[in-house]
Amino acid sequence: MLYPDTPAKCCSYCGGRDHDFEECPKREADAEKERETARVASVKPPLAGEDIPVKY
């Protein structure tokens, strides 16, 4: 059977053959880690010697 009715699935993110890119569990997990890292980085305390902006 050279030409099956359903196209072969292959994830371009992780190379998995059981899902497409949009359904990739690794991509979703990595995106969640990235959001968490960005959230933590946005609330980091200033380093010594940095000017702290003052809101009036």
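**Figure 1. The whole chain, with its surface and its one helix.** The protein chain has an accessible surface of about 5500 Å², and carbon and sulfur atoms account for 58% of that. Keep in mind that this is a predicted model. As for secondary structure, the protein chain has 1 helix and 0 strands. How much of the chain is buried? Of the 56 residues, 7% are buried. The helix goes by the name H1 and covers residues 25-42. The views below start in the segment before H1 and then move on to the helix.

**Figure 2. Cys-11, a buried residue in the segment before H1.** Cys-11 sits in the stretch of chain that comes before H1. Is Cys-11 buried or exposed? Its relative accessible area is 2%, so Cys-11 counts as buried. Look around it and, leaving out residues up to four places away in sequence, you'll find Gly-16, His-19, Asp-20, Phe-21 and Cys-24 in contact with Cys-11. Take Cys-24 from that list: it is 13 residues from Cys-11 in sequence, and the two C-alpha atoms are 6.9 Å apart in space.

**Figure 3. His-19 and the residues it touches.** His-19 is another resident of the segment before H1. With a relative accessible area of 11%, His-19 is buried too, because the cut-off for buried is under 20%. What does the side chain of His-19 meet at 2.6 Å? That would be the side chain of Asp-18, in a polar contact. Setting aside residues up to four places away in sequence, His-19 touches Lys-9, Cys-10, Cys-11, Cys-14, Cys-24 and Pro-25.

**Figure 4. Asp-20, partly exposed, alongside Lys-9.** Asp-20 also belongs to the segment before H1. Asp-20 has a relative accessibility of 27%, so it counts as partly exposed. Which residues does Asp-20 touch, if we skip those up to four places away in sequence? They are Lys-9, Cys-10 and Cys-11. Between Asp-20 and Lys-9 there are 5.8 Å from C-alpha to C-alpha, and along the chain they are 11 residues apart.

**Figure 5. A charge over a ring: Arg-27 and Phe-21.** Here the thing to look for is the face of the Phe-21 ring, with Arg-27 lying over it. How far is Arg-27 from the ring centre? The distance is 4.3 Å. Away from this view, the model also has 1 aromatic pair.

**Figure 6. Asp-30 and Lys-26, a salt bridge within H1.** Side chains of opposite charge can pair when their charged atoms come close. In this view, Asp-30 and Lys-26 do so through their side chains, with 3.4 Å from N to O. Both residues are in helix H1 and are 4 residues apart, which is about one turn of the helix. Neither partner is buried: Asp-30 is partly exposed at 23% relative accessible area, and Lys-26 is partly exposed at 45%.

**Figure 7. Glu-32 and Arg-35, another salt bridge in H1.** How many salt bridges does the model have? The count is 2, and here Glu-32 pairs with Arg-35, their closest N and O atoms being 2.9 Å apart. The partners again share helix H1, this time 3 residues apart, about one turn of the helix. Glu-32 is partly exposed, with a relative accessible area of 43%. Arg-35 comes to 51% relative accessibility, so it counts as exposed, the cut-off being over 50%.

Notes:
Residues numbered from 1 in each chain as written. Predicted model: local features only at pLDDT ≥ 70, side-chain atom pairs only at ≥ 80, totals over all residues. Heavy atoms only, no water. Helix = DSSP H or I, 4+ residues; strand = E, 2+ residues; numbered from the N terminus. Buried < 20%, exposed > 50% of the residue type's maximum accessible area, 1.4 Å probe, protein only. Areas by Shrake-Rupley, 256 points an atom, 1.4 Å probe, with all protein chains shown as cover. Salt bridge = Lys/Arg side-chain N within 4 Å of Asp/Glu carboxyl O. Polar contact = N/O pair within 3.5 Å; in protein donor to acceptor, adjacent residues only side chain to side chain. Contact = heavy atoms within 4.5 Å. Phe/Tyr/Trp six-rings, centres within 6.5 Å; stacked < 30°, edge-to-face > 60°. Lys NZ or Arg CZ within 6 Å of the ring centre and 35° of its normal.
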